[in-house]
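Work through the following exercises on charged side chains with the structure in view. Each task is followed by a solution that goes step by step.

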Amino acid sequence: MHDHRRLGRELNLFDTDPLMGAGLPYWLPDGAIVRHTLEEYVREAEQRAGYRHVYSPVLGKRELYEISGHWDHYGEDMFPPMDVGSEQVLLRPSLCPHHALIYRSRSHSYRELPLRMAELGGMYRSELSGVLGGLTRVRAITLNDAHIFCTLEQAVEEARAALELIGRAYADLGIRAARHRLSLPGEGGKYVADPDLWRRATALLREVLDGSGIPYEAAEGEAAFYGPKIDVQIADPAGREATLSTVQIDFHQPERFDLHYIGPDGAKHRPVMVHRSVIGSVERAVAHLVEAHGGAFPPWLAPVQLVVLPVGDDQADHARELVRRARELGLRAEASGPEQGTLAARVRAARPAPYQAVIGGREAEADQVAPRLRDGRRPGALPAAEFLRRIADRVAARGSGLWEAA
């Protein structure tokens, strides 16, 4: 059974240090490559889907979170306020209040809607030490978050499109949803007291799920404090479930922040706020990817995509040249020469990489390579240029496939 905490250390992806603090992992170079590649993938996917990206600060005045409702309904999960002069500021537990302010900073016409605002932003949650672990429960979180400001008539279609975006990302990442959950409020004062808000938002989310043909289960007590949500559940190798992606329809915060747009009648109207996260927190997404793939990432996501293996010292220059050519194509490549052990030992050490290229005397003379794939296949000698082109094509196509016949 794969454990991302063990694999993360074995593969030099991330680690922790007690001086940094519990729940505050740091990323090593290979882990930083995985994280950066994942973040860039999400940004590109969002841009293609019509999202505009913003940056917002990780601090906010206490008053901001009092308006949003976080202070009253989520305060126990927030870090204590910090006194700065005559003001109190907090590390934000969520990005949505900041995005509401960004929307409110300009006047908007109905012609601009839907307005899709996205950010890969930091936030902080005061998790108890006993629940912290690896990358799945941390105190400093990078959230793939987005908020769509739209009319009531647009809300269902925008939420449905967000679900489709999540599905495409899962296919590219080689992971699958364990189930979809309609998360509803439970008992107690954790939730905003507005029965009409809950009824309308729940009805819209049911329409989204039913129209998408996705089987789902309703679960009480799992909603956000301000509204119901669709949770896309994943499972680790032991069968333990967690929420990775979400889609929410929110009437509460547009009301609290007095958001509006100018309708075709020239009057002010209240927008609906659709919250949407494709991969949830980057930390949890990487943890799941490590476990789902056992550290053998899809080619486009692998920290090292190609290891070049010269048989002897005579082929070292050819190996370095092939690495240079691979890097010019945007591939992450490195050489592993005889100084690092026997060829068999180097082949074993390079197994996490999806591609290996062995260069002996014959290959060096003909500008060829003897390819080895991570799954054990050996396609046969190929011209070096063709081999690199095939790898570059597979990486550009994303997905989890290693090789296609010519």
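**Salt bridges in a predicted model**

In this predicted model, R160 has a relative accessible area of 23% and is therefore partly exposed.

**Exercise 1.** Find which side chain meets R160 in a salt bridge, and describe where the two residues lie.

*Solution.* Begin with the contact itself: the side chains of R160 and E164 form a salt bridge, with a distance of 2.2 Å from N to O. Next, place the two residues, which are four positions apart in helix 6 (residues 152–173), or about one turn of that helix. Finally, consider exposure: E164 has 39% relative accessibility, so it counts as partly exposed.

**Exercise 2.** Determine how R6 and E10 are placed relative to each other, and classify each as buried, partly exposed or exposed.

*Solution.* First, R6 and E10 form a salt bridge whose closest N and O atoms are 3.0 Å apart. Because they are four residues apart in helix 1 (residues 4–10), about one helical turn separates R6 from E10. R6, at 39% relative accessibility, is partly exposed, while E10 reaches 51% and therefore counts as exposed, the cut-off being over 50%.

**Exercise 3.** Decide whether E283 and R35 are buried or exposed, and state which helices their salt bridge links.

*Solution.* Start from the salt bridge between E283 and R35, in which the closest N and O atoms are 3.9 Å apart. This pair links distant parts of the chain, since E283 belongs to helix 9 (residues 282–293) and R35 to helix 2 (residues 29–48), with their positions 248 residues apart. Both E283 and R35 are buried.

Key:
Residues numbered from 1 in each chain as written. Predicted model: local features only at pLDDT ≥ 70, side-chain atom pairs only at ≥ 80, totals over all residues. Heavy atoms only, no water. Salt bridge = Lys/Arg side-chain N within 4 Å of Asp/Glu carboxyl O. Buried < 20%, exposed > 50% of the residue type's maximum accessible area, 1.4 Å probe, protein only.
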